[in-house]
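Visitor: I am new to this structure. Please show me how to read it, one feature at a time.

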Amino acid sequence: MAALNWVLSFAETLLLVACGICCLIVAICVAVSKNGFAGNCVLFSEVKWCNETAVDFTYLGKPGSCHFIILSEVIVGFFVILYAGYHVGYLVEKIKEYHRFMLPGILADAVSLVSIFVSACLLSIGFNGFCVSLTSFDKSKPCSTVPDWNQHPASCGADFVKHGKITSGNYFQLMTTAQGAGWFGFLFLLLATASLIVRRIMYKPSVGQDPLTSDKTNIAGNMVM
């Protein structure tokens with residue numbers, strides 16, 4: 001049992017580190033994209049083509065969507081990396097793993113899972129909506145097509161949202177990377193949580209007995225006998 005607990009803890013450590021890296025990638029990609037769109041959030045934004053080369057925005061996504069994703073991913077990212085550090089301390093036998101901390105850990109993981117799941121959904125749904133409007137003029141053009149964001153010919157009219165100078169030419173790579181990292185991060189944390197639940201069930205203690213020392217106690221008892 002002790003060996004299996006160590007193996008599962010090692011796997012959890014790797015999964016938590018991978019999740020933390022994915023969360024930080026999501027936050028960085030969304031933040032860079034937001035900066036490239038003059039501080040606006042491209043998620044759920046809608047555009048209209050003025051001609052074959054220029055588009056303008058008829059609706060800009062709420063900044064709160066991007067802010068929520070950045071903030072939640074940063075918080076969860078640092079949390080799981082710190083949690084992985086705790087696992088490393090246990091694995092190298094510098095820190096004792098207390099059984100009573102497993103349940104709070106499961107609850108914290110559950111909250112983190114909900115947070116990054118919502119973030120991943122916002123990224124996927126929001127960016128897909130933007131891509132639908134961007135490709136509405138010419139279905140043959142992929143969403144990665146970079147139009148002239150800052151050209152405002154007379155044909156555009158006045159029914160467009162005013163915005164600052166947009167410099168983002170790699171928005172598609174940034175947002176697709178963020179989406180992939182978001183869902184992989186969710187998967188990694190889900191597997192780590194499942195492993196922790198299994199360990200919590202396996203090492204459910206008897207009254208007055210520390211499950212982490214139960215194996216040692218049994219061995220000592222057998223030696224005395």
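**Reading the features**

Guide: Start with one side chain: that of Thr13 reaches the backbone oxygen of Ser9 at 2.8 Å. This is a polar contact, meaning a pair of N or O atoms within 3.5 Å; within protein, one must be able to donate a hydrogen and the other to accept it, and residues adjacent in sequence count only if both atoms are side-chain atoms. The model is predicted, so local features need pLDDT of at least 70 and side-chain atom pairs pLDDT 80 or more, while totals for chains, interfaces and linings use all residues. Residues are numbered from 1 along each chain as its sequence is written, and side-chain values use heavy atoms, without hydrogens and water.

Visitor: In which helix does Thr13 lie?

Guide: Helices (H or I, at least four residues) and strands (E, at least two) are DSSP runs, numbered from the N terminus. Thr13 is in helix α1. Ser9 lies in α1 too.

Visitor: Is Thr13 buried or exposed?

Guide: Buried means under 20% relative accessible area, exposed over 50%, and partly exposed in between (1.4 Å probe, protein chains only). Thr13 has 7% relative accessibility, so Thr13 counts as buried. Ser9 is buried as well, at 0%. The Ser9 side chain also makes a polar contact with the side chain of Arg199, at 3.2 Å.

Visitor: What does Thr13 contact beyond its sequence neighbours?

Guide: Contact means heavy atoms within 4.5 Å. Leaving aside neighbours within four places in sequence, Thr13 is in contact with Ala84, His87, Val88 and Leu91.

Visitor: How many residues does α1 have, and what span should they give?

Guide: The expected span of a helix is 1.5 Å times one less than its number of residues. For the 35 residues of α1 that gives 51 Å, and the end C-alpha atoms are 51 Å apart, which agrees. Just after α1, Ala38 takes a positive phi of about 55°.

Visitor: What is the order of elements along the protein chain?

Guide: From the N terminus on, they run α-β-β-α-α-α-α. That comes to five helices and two strands. Of the 225 residues, 42% count as buried.

Visitor: How many disulfides are there?

Guide: A disulfide is a pair of cysteine sulfur atoms within 2.5 Å. A search of the whole structure finds one. Cys41 is joined to Cys66, with S to S at 2.0 Å. The torsion about their S-S bond is about 75°, so this disulfide is right-handed. Cys41 lies in strand β1 (residues 41-49) and Cys66 in helix α2 (residues 63-91), so the pair ties together parts 25 residues apart in sequence. Both Cys41 and Cys66 are buried.

Visitor: Where is the cysteine sulfur nearest to that of Cys19?

Guide: That sulfur belongs to Cys23, 4.0 Å away, and Cys19 is in no disulfide. Cys23 is in no disulfide either. Cys19 is buried at 0%, and Cys23 is buried at 1%.

Visitor: Which residues have the most contacts inside the largest nonpolar core?

Guide: In soluble globular proteins, nonpolar side chains tend to be buried together. A nonpolar core is a set of buried Ala, Val, Leu, Ile, Met, Phe, Trp, Tyr and Cys residues joined through side-chain atoms within 4.5 Å. The largest here has 29 residues, and those with the most contacts inside it are Val30, Leu43, Leu123, Phe127 and Phe130. Another core lies apart from it, with 16 residues, among them Leu15, Cys19, Cys23 and Val80. As for Leu43, its contacts more than four places away in sequence include Cys66, Phe127 and Met175.
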